[in-house]
Amino acid sequence: MTRTANIIDEIVSQQVNLGVAKSRVEAEQELAASLVERELDRKIAKGKQDIKDGNFTPVNEQTTAEFVVQLSKKLIPQK
């Protein structure tokens, strides 16, 4: 096991031993959910900062149409 895997295994064991989680699966699910939540919080904070710094594209009819054109070029093979 890697060092990170060992640390995660120890955290999971502690959660079960302390009664915080009923099983290892539950502890692992809680840990995974916490990590996902932290990543989302970071992305939201970055997005808010980008808006404050003026680093964004306004959403309007023109920018939406341009986005759809670019997206369709990526998703639909050109002949």
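D9 is a good place to start: in this predicted model, D9 has a relative accessible area of 30%, so it counts as partly exposed. Its side chain meets that of R24 in a salt bridge, with 2.2 Å from N to O. D9 belongs to helix α1 and R24 to helix α2, so this pair ties together parts that lie 15 residues apart in sequence. What about R24, buried or exposed? Neither quite fits, because at 34% relative accessibility R24 counts as partly exposed.

Now step back from that pair and look at the two helices themselves. Helix α1 covers residues 3–17, and helix α2 covers residues 24–52. Their axes are 9 Å apart, and the helices pack at an angle of about 120 degrees. How does that angle class the two helices? Angles of 65 to 115 degrees count as roughly perpendicular and those over 145 as roughly antiparallel, and α1 and α2 are therefore oblique to each other. As for handedness, α1 passes α2 in a right-handed crossing.

Which residues make the contact between these helices? On the α1 side, look for I8, D9, V12, S13, Q15 and V16. Helix α2 brings R24, A27, E28 and L31 to meet them. Sorted by character, the residues of this contact come out as five nonpolar, two polar and three charged. You have already met two members of the contact, D9 and R24, as the partners in the salt bridge described above.

I8 is another contact residue worth finding. I8 sits in helix α1, and with a relative accessible area of 36% it is partly exposed, since the buried class is kept for values under 20%. Pick out I8 and then K74: the two are 66 residues apart along the chain, and their C-alpha atoms are separated by 39 Å.

Back to salt bridges for a moment. How many does the structure hold? There are three, and the D9 and R24 pair is one of them. Another joins E39 to R42, where the closest N and O atoms are 3.0 Å apart. Both E39 and R42 lie in helix α2, three residues apart, which is about one turn of the helix. E39 has a relative accessible area of 32%, so it is partly exposed. R42 is partly exposed as well, with 47%.

Further along helix α2 you'll come to D50 and K46, whose side chains meet in a salt bridge at 2.9 Å, N to O. Because these residues are four apart in helix α2, about one helical turn separates them. Are the two partners partly exposed or exposed? D50, at 22% relative accessibility, counts as partly exposed. K46, on the other hand, has a relative accessible area of 53%, so it is exposed.

Last stop: helix α3, made of residues 61–75, which is where you'll find K73. At 56% relative accessibility, K73 counts as exposed, because that class takes in values over 50%. To get a feel for distance in the model, try tracing from K73 to T2. The two residues are 71 apart along the chain, with 42 Å between their C-alpha atoms.

Conventions: Residues are numbered from 1 along each chain as its sequence is written. This is a predicted model: local features need pLDDT of at least 70, side-chain atom pairs count only at pLDDT 80 or more; totals for chains, interfaces and linings use all residues. Side-chain values use heavy atoms; hydrogens and water are left out. Axes are lines fitted to C-alpha atoms, for helices over the stretch in contact, and angles run from 0 to 180 degrees between N-to-C directions. Angles under 35 degrees count as roughly parallel, over 145 as roughly antiparallel, 65 to 115 as roughly perpendicular and the rest as oblique. A crossing is left-handed if the near helix is turned anticlockwise from the far one by less than a right angle, and right-handed if clockwise. Contact means heavy atoms within 4.5 Å. Ala, Val, Leu, Ile, Met, Phe, Trp, Tyr, Cys and Pro count as nonpolar, Asp, Glu, Lys and Arg as charged, and the others, Gly among them, as polar. A salt bridge is a side-chain nitrogen of Lys or Arg within 4 Å of a carboxyl oxygen of Asp or Glu. Buried means under 20% relative accessible area, exposed over 50%, partly exposed in between (1.4 Å probe, protein chains only).
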